[in-house]
Amino acid sequence: MSNETELSNLMVSAYTHQKNNDLSLAIQAWNELINHTSADETLKANAYLSLGNLHQLQGNDDLAIESMSSAIKANPNSAEAYFCLAYLEQEKENFDSAIEYFEQAITLKNTDSGAFNNLGNCYDRLERSEEAIGAYSQAISLDGNYIAAIYNRGNAYIKSAKDDLALNDLNKAIELDANFYQAYYNRGTLHKRLGNAVQSEQDLTKAKTLAQQELETKTQH
């Protein structure tokens, strides 16, 4: 059997095991491919990426980070590997590391609105509101109806005392989703701060009603 056929068979085997949810067997197949003498750097990088994703699915974050780091060594231009590392660090609340990885990933691929939104979330958790606003704005420039980024930017504007801009974003979030109770609550709180008592009461009442409805729906299921 030729080396090319062996590599092809290992890839087919790995993907088949993944599809069948046999994660341990898939991991074994990817490792065999990585260690194959004929595997080039591009193939290894992709295998490490798949391996990292599988380790993450199994809850083995340390092994996932190790695999993603190996993917970058094999292919320093792997935006996907940087994105994965960023999300893993974000989940572990290592926000400084997550920011570094997101920024490296975005340098390689700047069209991922979700990455900009998550970068904004990391800045926000570190109380770096202006940088958070910048990242959310980048996400919104890529997707004008990205409701999470619009809502998040509104909250960051509140922290920065940019009340008119915050109100615009919260209005937009509610326009996009009339059942977004968190947006009603935050807009109600903002109206209260601005002295708009009637609007504040309406929003806070609406937020409470929607939150209760959502809780009842979840309880029924």
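# Exercises on an all-helix chain

From the N terminus on, the elements of the chain run α-α-α-α-α-α-α-α-α-α-α-α, where helices (H or I, at least four residues) and strands (E, at least two) are DSSP runs numbered from the N terminus. This is a predicted model, in which local features need pLDDT of at least 70 and side-chain atom pairs count only at pLDDT 80 or more, while totals for chains, interfaces and linings use all residues. Residues are numbered from 1 along each chain as its sequence is written, and side-chain values use heavy atoms, with hydrogens and water left out.

**Exercise 1. Describe the overall form of the chain, beginning with its count of helices and strands.**

Step 1. The secondary structure comes to 12 helices and 0 strands.

Step 2. The radius of gyration, taken over C-alpha atoms, is to be set against the globule rule, which is 2.2 Å times the number of residues to the power 0.38. For 221 residues that rule gives 17 Å, whereas the chain has a radius of gyration of 22 Å, well over that value, so the chain is more spread out than a compact globule.

Step 3. Taken along the principal axes, the box that the C-alpha atoms fill is roughly 80 × 40 × 25 Å.

**Exercise 2. Work out what share of the chain is buried and what its exposed surface consists of.**

Step 1. Buried means under 20% relative accessible area, exposed over 50%, and partly exposed in between (1.4 Å probe, protein chains only); of the 221 residues, 43% count as buried.

Step 2. Accessible areas come from the Shrake-Rupley method with a 1.4 Å probe, and for residues only the protein chains shown count as cover. The chain exposes about 12,100 Å², of which carbon and sulfur atoms supply 46%.

Step 3. For the charges, Lys and Arg count as positive and Asp and Glu as negative, with His and the chain ends not counted, and the place of a charge is taken as NZ of Lys, CZ of Arg, CG of Asp or CD of Glu. The chain has 17 positive and 31 negative side chains, and the centres of the two sets lie 8 Å apart.

**Exercise 3. Find the residues that touch the most other members of the largest nonpolar core.**

Step 1. A nonpolar core is a set of buried Ala, Val, Leu, Ile, Met, Phe, Trp, Tyr and Cys residues joined through side-chain atoms within 4.5 Å.

Step 2. The largest such core has 49 residues, and Phe83, Phe102 and Leu119 touch the most other members. Helix α5 (residues 79-91) gives the largest share of this core, 8 residues.

Step 3. A second, separate core holds 15 residues, including Leu7, Ile27, Ala29 and Ala39.

Step 4. Contact means heavy atoms within 4.5 Å. Leaving aside neighbours within four places in sequence, leucine 119 is in contact with Ile99, Phe102, Glu103, Ile106 and Ala135.

**Exercise 4. Follow the surroundings of alanine 64 and histidine 55, and state whether each is buried or exposed.**

Step 1. Alanine 64 has its place in helix α4 (residues 61-74), and its relative accessible area is 0%, so alanine 64 is buried.

Step 2. If neighbours within four places in sequence are left aside, alanine 64 is in contact with Gly52, His55, Gln56 and Leu88.

Step 3. Histidine 55 lies in helix α3 (residues 41-57), and because its relative accessibility is 8%, histidine 55 counts as buried. With neighbours within four places again left aside, the contacts of histidine 55 are Ile27, Asn60, Leu63, Ala64 and Ser67.

**Exercise 5. Locate glutamate 93 and alanine 161, and give the phi of each.**

Step 1. Glutamate 93 lies in the loop between α5 and α6 (95-108); its phi is near 65°, a positive value in a residue other than glycine. Glutamate 93 has a relative accessible area of 48% and is therefore partly exposed.

Step 2. Alanine 161 lies in the loop between α9 (147-159) and α10 (163-176), and its phi is positive, about 60°, although alanine 161 is not a glycine. With a relative accessible area of 57%, alanine 161 is exposed.

**Exercise 6. Place threonine 37 and alanine 26 in the chain, and decide whether each is buried or exposed.**

Step 1. Threonine 37 lies in the loop between α2 (23-34) and α3, and threonine 37 is exposed, because its relative accessible area is 76%.

Step 2. Alanine 26 lies in helix α2, and at 0% relative accessibility alanine 26 counts as buried. Leaving aside neighbours within four places in sequence, alanine 26 is in contact with Ala14, His17, Gln18 and Leu54.
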